[in-house]
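Let's take a walk through a protein model together. Have a look at the sequence and the fold, and then we'll go piece by piece.

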Amino acid sequence: MQKSAFIRKLWKLNETACGDRLVISKADFEERVGQCDWIVQREAGFLLGIVVGKEIENFSYLWFQTRFENFLYVERVVVEDSARRQGLATSMIRETLEWCRERGIDSVVCQVYDRPPNPAGHAVCKALGFTALESVMLPSRDIVTMYQRSTAIATP
(Lines give C-alpha, C1' and ligand atoms only; values in the text may rest on other atoms or scores of the structure.)
Protein backbone atom coordinates (compact mmCIF):
# COMPACT_ATOMS: atom_id res chain seq x y z
CA MET A 1 0.00 0.00 0.00
CA GLN A 2 1.34 3.45 -0.87
CA LYS A 3 2.21 5.76 2.00
CA SER A 4 -0.56 8.26 1.22
CA ALA A 5 -3.20 5.50 1.00
CA PHE A 6 -1.89 4.00 4.25
CA ILE A 7 -2.13 7.34 6.08
CA ARG A 8 -5.58 8.04 4.60
CA LYS A 9 -6.81 4.65 5.85
CA LEU A 10 -5.50 5.30 9.36
CA TRP A 11 -6.91 8.83 9.39
CA LYS A 12 -10.37 7.61 8.33
CA LEU A 13 -10.30 4.96 11.04
CA ASN A 14 -9.25 7.64 13.54
CA GLU A 15 -12.13 9.88 12.46
CA THR A 16 -14.79 7.17 12.71
CA ALA A 17 -13.57 5.42 15.87
CA CYS A 18 -12.52 8.30 18.14
CA GLY A 19 -15.55 10.51 18.40
CA ASP A 20 -14.59 14.10 19.20
CA ARG A 21 -11.76 13.23 21.58
CA LEU A 22 -8.95 12.54 19.10
CA VAL A 23 -10.29 14.17 15.94
CA ILE A 24 -7.47 15.79 14.00
CA SER A 25 -7.22 17.35 10.55
CA LYS A 26 -5.84 15.11 7.81
CA ALA A 27 -2.78 17.37 7.43
CA ASP A 28 -2.06 17.30 11.17
CA PHE A 29 -2.57 13.53 11.22
CA GLU A 30 -0.10 13.09 8.35
CA GLU A 31 2.43 15.19 10.26
CA ARG A 32 1.86 13.14 13.42
CA VAL A 33 2.32 9.84 11.56
CA GLY A 34 5.49 11.26 10.04
CA GLN A 35 6.87 11.81 13.55
CA CYS A 36 6.22 8.20 14.55
CA ASP A 37 8.97 5.65 14.96
CA TRP A 38 6.56 2.76 15.51
CA ILE A 39 3.16 2.01 14.00
CA VAL A 40 1.12 -1.12 14.62
CA GLN A 41 -1.74 -1.57 12.20
CA ARG A 42 -4.56 -4.06 12.31
CA GLU A 43 -7.64 -4.21 10.10
CA ALA A 44 -9.75 -2.65 12.86
CA GLY A 45 -7.20 -0.53 14.71
CA PHE A 46 -3.78 1.02 15.02
CA LEU A 47 -1.22 2.30 17.51
CA LEU A 48 1.19 5.21 16.96
CA GLY A 49 4.44 5.51 18.95
CA ILE A 50 7.15 8.17 19.16
CA VAL A 51 10.59 7.56 20.68
CA VAL A 52 12.10 10.09 23.09
CA GLY A 53 14.38 12.84 21.81
CA LYS A 54 12.34 14.54 19.13
CA GLU A 55 11.50 18.22 19.01
CA ILE A 56 7.76 18.10 18.54
CA GLU A 57 4.90 20.20 19.81
CA ASN A 58 2.91 17.73 21.89
CA PHE A 59 2.16 18.61 25.49
CA SER A 60 2.06 15.05 26.81
CA TYR A 61 5.16 13.93 24.91
CA LEU A 62 7.06 16.91 26.34
CA TRP A 63 5.68 16.15 29.82
CA PHE A 64 7.18 12.66 29.66
CA GLN A 65 10.41 13.93 28.12
CA THR A 66 11.07 16.05 31.22
CA ARG A 67 10.65 12.98 33.44
CA PHE A 68 12.08 9.99 31.55
CA GLU A 69 15.28 9.49 29.59
CA ASN A 70 14.42 6.46 27.45
CA PHE A 71 10.83 5.82 26.37
CA LEU A 72 8.34 5.26 23.60
CA TYR A 73 5.32 7.55 23.84
CA VAL A 74 2.12 5.89 22.67
CA GLU A 75 0.52 8.82 20.91
CA ARG A 76 -2.75 7.03 20.30
CA VAL A 77 -4.42 3.65 20.22
CA VAL A 78 -7.51 3.48 18.03
CA VAL A 79 -9.91 0.53 17.73
CA GLU A 80 -13.14 0.43 15.73
CA ASP A 81 -16.30 0.19 17.82
CA SER A 82 -17.16 -3.24 16.38
CA ALA A 83 -13.75 -4.65 17.39
CA ARG A 84 -13.59 -3.35 20.96
CA ARG A 85 -13.29 -5.62 23.97
CA GLN A 86 -11.70 -8.36 21.85
CA GLY A 87 -8.08 -7.86 22.93
CA LEU A 88 -6.95 -5.78 19.96
CA ALA A 89 -5.53 -2.87 21.98
CA THR A 90 -3.90 -5.32 24.37
CA SER A 91 -2.19 -7.21 21.53
CA MET A 92 -0.92 -3.99 19.92
CA ILE A 93 0.50 -2.77 23.24
CA ARG A 94 2.15 -6.14 23.92
CA GLU A 95 3.72 -6.03 20.46
CA THR A 96 4.91 -2.51 21.24
CA LEU A 97 6.49 -3.62 24.52
CA GLU A 98 8.39 -6.37 22.67
CA TRP A 99 9.54 -3.92 19.97
CA CYS A 100 10.84 -1.61 22.71
CA ARG A 101 12.66 -4.44 24.52
CA GLU A 102 14.42 -5.41 21.29
CA ARG A 103 15.68 -1.83 20.91
CA GLY A 104 16.69 -1.21 24.51
CA ILE A 105 13.85 1.22 25.23
CA ASP A 106 13.20 1.17 28.98
CA SER A 107 9.61 2.42 29.22
CA VAL A 108 6.36 2.78 27.36
CA VAL A 109 4.35 5.84 28.35
CA CYS A 110 0.92 7.15 27.43
CA GLN A 111 -1.94 9.34 28.50
CA VAL A 112 -5.54 8.25 29.00
CA TYR A 113 -8.43 10.70 29.15
CA ASP A 114 -10.30 11.23 32.40
CA ARG A 115 -12.33 14.12 31.03
CA PRO A 116 -13.84 13.15 28.68
CA PRO A 117 -13.80 9.70 30.27
CA ASN A 118 -12.09 6.68 28.71
CA PRO A 119 -12.67 3.80 31.14
CA ALA A 120 -11.59 1.19 28.59
CA GLY A 121 -8.22 2.91 28.13
CA HIS A 122 -7.63 2.95 31.89
CA ALA A 123 -8.63 -0.71 32.15
CA VAL A 124 -6.17 -1.78 29.42
CA CYS A 125 -3.32 0.17 31.02
CA LYS A 126 -3.98 -1.32 34.44
CA ALA A 127 -4.35 -4.86 33.06
CA LEU A 128 -0.98 -4.55 31.29
CA GLY A 129 0.87 -3.32 34.36
CA PHE A 130 1.08 0.40 33.63
CA THR A 131 1.43 2.68 36.65
CA ALA A 132 -0.66 5.83 36.90
CA LEU A 133 1.76 8.67 37.56
CA GLU A 134 -0.29 11.84 37.74
CA SER A 135 -3.50 13.48 36.56
CA VAL A 136 -2.77 16.47 34.35
CA MET A 137 -4.91 19.17 32.77
CA LEU A 138 -4.02 19.63 29.11
CA PRO A 139 -3.98 23.05 27.44
CA SER A 140 -7.36 22.02 25.92
CA ARG A 141 -8.72 21.80 29.50
CA ASP A 142 -9.21 18.05 29.12
CA ILE A 143 -7.86 15.99 32.01
CA VAL A 144 -5.68 12.92 31.46
CA THR A 145 -3.83 10.40 33.57
CA MET A 146 -0.20 9.88 32.63
CA TYR A 147 0.88 6.22 32.66
CA GLN A 148 4.26 4.47 32.53
CA ARG A 149 5.31 0.85 32.22
CA SER A 150 8.77 -0.65 32.27
CA THR A 151 9.58 -2.90 29.35
CA ALA A 152 11.61 -5.20 31.61
CA ILE A 153 10.40 -8.76 31.99
CA ALA A 154 10.29 -9.84 35.62
CA THR A 155 11.95 -13.16 36.32
CA PRO A 156 11.55 -15.27 39.47
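We'll start with a helix, move on to a pair of strands, and finish with the cysteines. Keep in mind that this is a predicted model.

Find helix H2, which covers residues 26-35. Which of its residues are buried? They are Phe-29, Arg-32, Val-33 and Gln-35. Now imagine looking down the helix: these four cover an arc of only 155° around the axis, so they sit on the same side of H2. Turn to the other side of H2 and you'll meet Ala-27, Glu-31 and Gly-34, which are exposed. And what covers the buried residues? Among the elements doing that are helix H1 (3-17) and the strands S1 (38-42), S2 (45-51) and S3 (71-79).

Next, slide along to strand S5 (residues 131-137) and strand S6 (residues 143-150), which run antiparallel and are joined by 6 bridges. One pairing to look for is Met-137 with its bridge partner in S6, Ile-143. The hairpin has 5 residues between the strands, and in it Arg-141 takes a positive phi near 80°.

Last stop: the cysteines. How many disulfides are there? The count comes to 0. Take Cys-36: its closest cysteine sulfur belongs to Cys-100 and is 12 Å away, while a disulfide needs the two sulfurs within 2.5 Å, so that's too far for a bond. Cys-100 isn't in a disulfide either, since the nearest cysteine sulfur, in Cys-110, is 12 Å away. Are these two buried or exposed? Cys-36 counts as buried at 14% relative accessibility, and Cys-100 counts as buried at 0%.

Note on methods:
Residues numbered from 1 in each chain as written. Predicted model: local features only at pLDDT ≥ 70, side-chain atom pairs only at ≥ 80, totals over all residues. Heavy atoms only, no water. Buried < 20%, exposed > 50% of the residue type's maximum accessible area, 1.4 Å probe, protein only. Pairing = 2+ DSSP bridges. Helix = DSSP H or I, 4+ residues; strand = E, 2+ residues; numbered from the N terminus. Arc of directions from axis to C-beta. Contact = heavy atoms within 4.5 Å.
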